[in-house]
Structures are given as structure tokens and as C-alpha cells.
Amino acid sequence: MAGYFYARIFLNNPGVRDMFPVTMDVQRARLLGAIVTAVQSVDDPDRFDEYLRSLGRDHRKFQVVPEHYEVVGAALLEAMRTFAGPEWSYEYDQAWRDAYDVIARKMLAGASADSNPAWWHAEVVSHERRSSDIAMLTVRPFQQLEYRAGQYLSVEVPKFHPRVWRTYSVANAPRTDNTMDFHVRALGAGWVSGALVRRVQAGDLVRLAAPMGSMVLDRRSTRDIVFVAGGTGLSPIKALLEDLTTFNRTRWVHVFFGARNRDDLYDLASLQELAAAYPWLSIVPVCSDDPGWGGEEGSVADALARFGPWMEHDFFVSGSPNMVRGTLRALSQLKVPQTRIRYDAFSEH
Ligand SMILES: Cc1cc2nc3c(=O)[nH]c(=O)nc-3n(C[C@H](O)[C@H](O)[C@H](O)COP(=O)(O)OP(=O)(O)OC[C@H]3O[C@@H](n4cnc5c(N)ncnc54)[C@H](O)[C@@H]3O)c2cc1C
Ligand code: HEM
């Protein structure tokens, strides 16, 4: 179906092909998958309104114009009709068309209300390997890029993979010199993470797109905070911690930082430095597979359950989809209300 969907777009509008990566075999279902996910969430407008507006802002990096939404919407419906078989009905057709239109309108409204550049060029100013597959990078955008601590944005490494974008969380609160840190783990044969960890060097250029995400601090809340990070899921949590150091006096903050082994606790030393400077902060490192490790063992979710009670806390969870799922399950068993939990899973769907 994805093949058919893209063929409809590219045959009718050959110019659109240039917006997509050169090789699309690994990821040919990406856009289609994203649209189907968005359509399925259309009944929950409160939750997705701001997401869709920021996705529209983000899509300015592809130089998407309103006509493209019509082209993509028409290809979506044609693909649905062709592959749904005899059960497809007029009502389904209308419902998908309506839902797509609502989403497209929100994305377009987000894009047209944005006075920022469609993307930012940035120079890599430092690159440090922290373990066999983790690197910490600092980049400096050439123009001011405003974001909030806890947000993420799309990154492209044009030198190695032009037009391939992946999202990464910014690992620091906004700075006056405009620099931004990223913590990246190379995933198997992954394109962008592989390039960011193993190939990029200081002096290289990357492109960044509009900041997104609502995992930000509610400064009005007086509740204590628990941050739960798996691997490079620490990145947005580091930014939130830096943000807290600028104003927090009264909220106790716990960080549960989980990884497979000691090596993967790649930024523990700087967390411990922060904890030494701020008495409200405590750090609990957790290893799931490190014989001889003297600290907390098992998954971060296991470790959380050994501490607590957590009924009165605000929670922020960040990491791989598995880690986030496991932690959300544990929090629900610990009776933490869902409204107190914010999370970013490292996967779009
Ligand atoms: C909101 C959000 C924030 C994020 N923040 C961070 C962050 O701060 N730090 C971070 O490290 N990551 C983060 N991620 C994850 C990141 O966006 C990427 O998904 C990740 O880096 C992998 O991208 P990639 O291009 O390297 O892999 P892809 O090329 O997209 O590959 C993904 C998977 O497919 C496998 N694969 C690749 N090529 C092939 C092939 N030919 N055949 C079979 N399998 C293949 C790879 O091994 C990998 O497991 C975040 C994700 C989200 C959604
Ligand atoms: C309802 C409308 C749309 C939604 C909800 C949507 C959503 C998304 C999302 C979430 C992604 C990231 C997916 C991922 O990387 O896994 C994406 C990628 C992309 N979108 Fe859209 N999009 C929409 C319309 C469009 C339109 C009209 C265009 C222009 C032709 C477009 C061009 C792209 C491109 C080029 C990519 C990158 C695909 C890739 O890397 O293979 N999108 N879209």
C-alpha cells in the first residue's frame, strides 16, 4: 500500500520526489504511517492540536506548500480505496477525507503562523564519543533558534544523508550563546544516528527544524518531580534539570537513570556533579545487565517500584519505546494518575 501511495504522488507530481530521501526502501512507509496515526488520533483534538501545529511548522523544512496536502490526501484516498477491498464504503471514504482535511488544516495553520526560518543551519562545535555507540555533540545554529527545555527537533546531516531527518531532544536549557547539546545513540544500521555518532566531526554542518514537544516544566506545579530516563533518553531530562537549577528551591527531584551497563550510563558524572551542587536533587543509577555493579539492578521500572511512594509527584519519562511502555505500566500499577505523567518515546508511532 505504501508503494502504491508514493507511486500515486510521484507519478502525478514528479517534482515532489525531490522532497524525499534518495533511497526510500528502509522507510517507505514513514509518511503513510504517520498520516494514518494522525487520522486515528483525530478524535482527541485537545491532545493533538498543538502537536499538529508544530508538525506543520516542522514540515516547512520540506518546503511543503498547501497544494502538496491536496496531492498527498488524494493519494491516500486512492490507496485506501484500492487496498481496502469490497468492505470500503462511501462513509469510510468521507470519514477519511474529513479527518485528513482537519489535520492538514491544522498543520497549514501552524506553518503559516510561524515567522521563524523553515530550518536552521548549524555548525558542529564539538563531538565527543562517550561509549562504543553514544556521542555527545554541541552545535551552534547560525541564527537564533528559540525552544523550551525538554523539546526535540528534527536533524539532518546533509553531508552523509541528505533529506533524511530524524528527531533528537535538545540536552540543555536555552543558552545565551545559542549552542545546543545532543546525546545520540547509534542504532544498528541506523542512518542518521550512525552518522551523528561515527562520522560527524567538529566543523561539519547539520540542519535543524522547528522545535516540538510538550515535555516541558509546569512552573506553577509545587509537586516534587521524578525523572525516569533510559539511555540517551536522559537528553531532555538533562535540559529540564538545567532549567530547574535556574529557579527551583522547594521541589525535591529524583532522577532514575537506567542503562544496560556502567558504560551506557554515559553522563552519570555530570548528573552527580549537579546533585552535589543542588541539595534538592538525588540520582539513582540503575543497570539491567552488569554483573558486579554494586547499585540498583533490573529495569528502571523495577527500581522505581522499590522506592516511593510516588502518589504526589510529577513524572517525566524518556527513552526507547520499550522502556517507556514498561515504565508507564509500572506507574499505573503504583497508582500514579496519568495526568501527572509526561513522556517522550523514541519512536513516532
Ligand atoms: C521525540 C523523539 C526524541 C528522540 N530523541 C532522541 C535523542 O535525544 N537521542 C537519540 O539517540 N535518539 C533519539 N530519538 C530517536 C531518533 O529519532 C532515531 O529514531 C534514531 O536515532 C534512529 O534513527 P536512524 O536514522 O539512525 O535509524 P533508521 O535508519 O531510522 O533505522 C531505525 C532502525 O532500523 C534499523 N535499520 C536501519 N537500516 C536497516 C536496514 N537496511 N535493514 C533493516 N533494518 C535497518 C536500524 O538498525 C534501527 O534499529 C528520538 C525520537 C523521538 C521520536
Ligand atoms: C496530514 C498530513 C501529514 C501528516 C500528519 C504528516 C506527518 C509526518 C510525520 C509525523 C513525518 C515523520 C515520520 C517519520 O519520520 O517517521 C512525516 C515525514 C514526511 N512528510 Fe509528512 N505529513 C503530512 C503531509 C505531508 C505532505 C503534504 C508532504 C509533502 C509532500 C509531506 C512530506 C513529508 C516528507 C518528505 C517526510 C519525510 C519522509 C521520509 O523521511 O521518508 N508530508 N510526515
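## A viewer tour: two ligands, two sheets

Start at ligand 1 and its shell, where β4 contributes the most, with four residues. Keep in mind that this is a predicted model.

**Stop 1: ligand 1**

Select the residues around ligand 1. There are 22 of them. The closest are R166, T167, Y168, H183 and S193.

Now colour the shell by class. You should find 10 nonpolar residues, nine polar ones and three charged ones.

Next, show the polar atoms. Begin with R166: an N or O atom of its side chain sits 2.8 Å from an oxygen atom of ligand 1. Move to T167. Here the backbone supplies the N or O atom, and the distance to an oxygen atom of ligand 1 is 2.5 Å. Then pick V192. Its backbone also brings an N or O atom to an oxygen atom of ligand 1, at 2.9 Å.

How much of ligand 1 does the protein cover? On its own, ligand 1 has 970 Å² of accessible area, and the protein covers 75% of that.

Switch to cartoon view. Three elements give two or more residues each to this shell: β4 (165–169), β5 (180–185) and α6 (191–199).

**Stop 2: the antiparallel sheet**

Stay with β4 and widen the selection to its sheet. Six strands form an open sheet here, with antiparallel pairing. Trace the order across: β4-β3-β6-β1-β2-β5. Which strands lie at the edges? They are β4 and β5, each pairing on one side only. From one strand to the next, the twist averages 40 degrees.

Now walk through three of the pairings.

- Select β1 (residues 120–131) and β2 (residues 134–141). Eight bridges pair them in the antiparallel sense. Zoom in on E123, which faces R140 in β2.
- Keep β1 and add β6 (residues 205–208). This antiparallel pair has four bridges. Look at A122: V206 in β6 stands opposite.
- Keep β6 and add β3 (residues 152–156). Two bridges join these antiparallel strands. Pick E156, whose bridge partner in β6 is R207.

**Stop 3: the iron of ligand 2**

Jump to ligand 2 and centre on the iron atom. Which protein residue donates to it? The single donor from the protein is H59, through NE2, 2.1 Å away. To place H59 in the fold, select the loop between α3 (45–58) and α4 (66–84).

Stay in that loop for one more residue. Q63 also sits between α3 and α4. Check its backbone torsion: Q63 has a positive phi of about 60 degrees, yet it is not a glycine. Most residues other than glycine have a negative phi.

**Stop 4: the parallel sheet**

Move on to the other six-stranded sheet. This one is open too, and its pairing is parallel. The order reads β10-β9-β8-β7-β11-β12. Select the two edge strands, β10 (296–297) and β12 (341–345). Why does each have a side without a neighbour in the sheet? Each has a single partner strand, so one side is left free of a neighbour there.

Go to the β7–β11 pair. Strand β7 covers residues 225–230 and β11 covers residues 314–319. Five bridges hold the pairing, in the parallel sense. Show F227 as sticks, then F316 in β11, which it stands opposite.

**Stop 5: a cis peptide bond**

Finish in the loop that leads to β11. Select P309, found between α9 (300–306) and β11. Now add G308. The peptide bond joining G308 and P309 is cis, with omega at about 5 degrees. Most peptide bonds are trans.

Technical notes. Residues numbered from 1 in each chain as written. Chains lettered and ligands numbered in written order. Predicted model: local features only at pLDDT ≥ 70, side-chain atom pairs only at ≥ 80, totals over all residues. Heavy atoms only, no water. Near = heavy atom within 4 Å. Polar contact = N/O pair within 3.5 Å; in protein donor to acceptor, adjacent residues only side chain to side chain. Areas by Shrake-Rupley, 256 points an atom, 1.4 Å probe, with all protein chains shown as cover. Nonpolar A, V, L, I, M, F, W, Y, C, P; charged D, E, K, R; others polar. Pairing = 2+ DSSP bridges. Axes fitted to C-alpha atoms, helices over the stretch in contact; angles between N-to-C directions. Donors = N, O, S within 2.8 Å, 3.2 Å for Na, K, Ca; no water.
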